[in-house]
Amino acid sequence: MIFPSVLWAPQRGTGAVRRTPAAIGQTPWRAVWPLACWLALAGNVPLWQRVAALDGSVGQTAVLLAGLGLLVWGATAALLSLMVWPFAYRPLASVLVLVTAFNTHFMLQYGAVIDPTMLANVVQTDAREVRDLLSPALPFTVLLVAGVPLWWIWRRPLRSRHWLAQTGRNAGGVALGLLVTVLVALLTYQNLASLMRNHKDLRYMINPLNSVYAATRLAADQLPRQVKALQPVGEDAHLGASYAQQARPPLLVLVVGETARAQNWGLSGYARPTTPALARWQAQGDLVNFSQVQSCGTNTQVSVPCLFSPLTRAQGGDQTAEHENLLDVLQRAGLAVLWLDNQSGCKGVCDRVPHASTRELNLPGVCADGECFDEALLQGLDERIAALDPQRRARGVVLVMHQMGSHGPAYSRREPANHKPFQPECTSNTLSECAADQLVNAYDNSIAYTDHFLDQTLQWLQTQADQGRYDTGLLYVSDHGESLGENNLYLHGLPYAFAPDQQTRVPMVTWLSAGLQQRSGVSADCLRQQAARPLSHDHVFHSVLGLMDVQTAVHQPALDLYRPC
Ligand SMILES: [Zn+2]
């Protein structure tokens, strides 16, 4: 066996020493430690800003900054030392550098942090969402953070060695990195421990370790589940007595809202009239607004599956689904189910039921650039329902509409120009550059458009009821809220434990036609009296089963919001 080391053995006795390219390559030491230092310092500007802004004396802050800086340096060097293999090092290190640069941008712009669910979001995103997030500052930040280290990584190849020697050196590098980390941690234990206890989100701000941690967690979490079949739910599900000899089948529209927060919801006490149409429906008596509703997650990826999960949040409804969901149970009971999507998909919820997306429509004036206003969900609805299995349809229909709602940061693109009551509005997606009131205007316009969309939906449902075709009802609930610059936070997706109320309190309304109230025995007047009680996404699964009179052992009356009425 010829060892590569032969290639760079100094050639003696030839006068001047000839240096082969391998010999002038970077040593692992020179490749790793300066790069780790740069990543720790320049790649963590948002973290240093946060720490510097915390309460404390100058001395305390300096100790924290120095301690945390050395800690991140050592840990990053240990991580990079694992990768110092010829051929592998440069691409892997470049990915880490770029990830750090992109993270820095989104942390600075939106106050985002990187945890496993945030990464899951990134993995599942689509071109429309990416386009909305692109801003002129992005290439600038990426160049600033990634330019120098990329040059450092690519200017020279790694010096090649015998693999055994390489393994030894890499292990030494990892050990030294960890030693630095442990020593610093021990020396500054008091300060760092209390910092991490009081500000748990800081750990998700450490680039690029946060992303490596998130990717590892995500892979460990997702891979085993991908191969496992979902556990069936409600195998005993069947239709209740109200279906015997029914005059009309029930039709429930379940609207899954997007990024609407309770704080800006007119019906829940917001000072601005963002929900004028719903207020009219409420005044007529059959619409009820629930003002204290807690979301399951702070992002679509978690909240949408959780809304349909038989598990409560506490039972693990916010984790990757291992069970079938509400739609499976409704379909098993014999009802017709249809999912209509005006967003980036149903996150696996609608995989086993009929589903369609507005993207296929391409309606002039309503859709452009592969993106539609929410009104597109209502186009051709009668035909869509007529196309469902006739036997199931004759029993009853549950129609889910997944809105684009108030999806940011491009709030101003959520509604047509003639549906913008609040002016002037922010039209940039660099939210921190918008005047605060213009940002709120843009967001409120998107809420007002949701009000308009729900109004149109209710009119359609009222018509179905008036024509004697169905006993109709509606349940609307948003998937999570949004930060609009409060505490310098934008968008959503903070880890639930330290997410502000703006991200976890959501609007929810229900409307029941006279026919559905009669058939289900649920009175809107009774619901109204309980409209301020605390509810959450946990209630949706059981409430829909209850309202649709689907009988199964998994139905928990205690979590059925219609039950007490
Ligand atoms: Zn969402």
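User: What is the mean pLDDT of the chain in this model?

Analyst: Good place to start, as this is a predicted model. In the chain, 95% of the residues reach a pLDDT of 70 or more. Over residues 1-17, though, the pLDDT is below 50. The mean pLDDT of the chain is 91.

User: How many contacts does the stretch of residues 1-17 have in the model, beyond near neighbours in sequence?

Analyst: This is the stretch where the pLDDT is below 50. Leaving out near neighbours in sequence, the count of its contacts in the model is nine.

User: Which strands are the edge strands of the open sheet?

Analyst: Let's walk across the sheet: seven strands follow the order E3-E13-E10-E2-E9-E5-E6, with mixed pairing. An edge strand here pairs on one side only. That description fits E3 (287-290) and E6 (355-357).

User: By what angle are neighbouring strands of this sheet turned against each other on average?

Analyst: For this value, the direction of the strands is ignored. The average turn between neighbours is then 15°.

User: In which sense do strands E5 and E9 pair?

Analyst: In general, strands of a sheet pair through backbone hydrogen bonds, and the pairing can be parallel or antiparallel. Here E5 covers residues 336-341 and E9 covers residues 397-402, with six bridges between them. Within this pair, alanine 336 stands opposite valine 397. The sense of the pairing is parallel.

User: Which strands does helix H21 touch?

Analyst: Two helices are worth finding on the sheet. Helix H12 (residues 300-308) lies across E2, E5, E9 and E10, at about 160° to E2. Helix H21 (residues 538-547) also packs on the sheet, and its direction makes about 165° with that of E2. The strands H21 touches are E2, E10 and E13.

User: Which residues are the protein donors of the zinc ion?

Analyst: Look for atoms lying 1.9 to 2.6 Å from the zinc ion. In sequence, the donor residues follow the spacing E-x41-T-x178-D-H, and the aspartate 479 and histidine 480 of this set are both buried. The donor residues are Glu258, which is listed with two OE entries, Thr300, Asp479 and His480.

User: Why does leucine 133 count as partly exposed?

Analyst: Leucine 133 sits in helix H6 (residues 127-133). Beyond its neighbours within four places in sequence, leucine 133 is in contact with Phe106, Tyr110, Pro409, Asn429 and Leu491. Partly exposed covers the range between buried, under 20%, and exposed, over 50%. Leucine 133 counts as partly exposed because its relative accessibility is 24%.

User: How far apart in space are leucine 133 and alanine 417?

Analyst: In sequence, these two residues are 284 residues apart. In space, C-alpha to C-alpha, the distance is 21 Å.

Notes: Residues are numbered from 1 along each chain as its sequence is written. This is a predicted model: local features need pLDDT of at least 70, side-chain atom pairs count only at pLDDT 80 or more; totals for chains, interfaces and linings use all residues. Side-chain values use heavy atoms; hydrogens and water are left out. Two strands pair if DSSP finds at least two bridges between them. Helices (H or I, at least four residues) and strands (E, at least two) are DSSP runs, numbered from the N terminus. Axes are lines fitted to C-alpha atoms, for helices over the stretch in contact, and angles run from 0 to 180 degrees between N-to-C directions. Contact means heavy atoms within 4.5 Å. Donors are N, O and S atoms within 2.8 Å of the metal (3.2 Å for Na, K and Ca); water is not among the atoms, so sites may look incomplete. Buried means under 20% relative accessible area, exposed over 50%, partly exposed in between (1.4 Å probe, protein chains only). pLDDT is the predictor's confidence in each residue, from 0 to 100.
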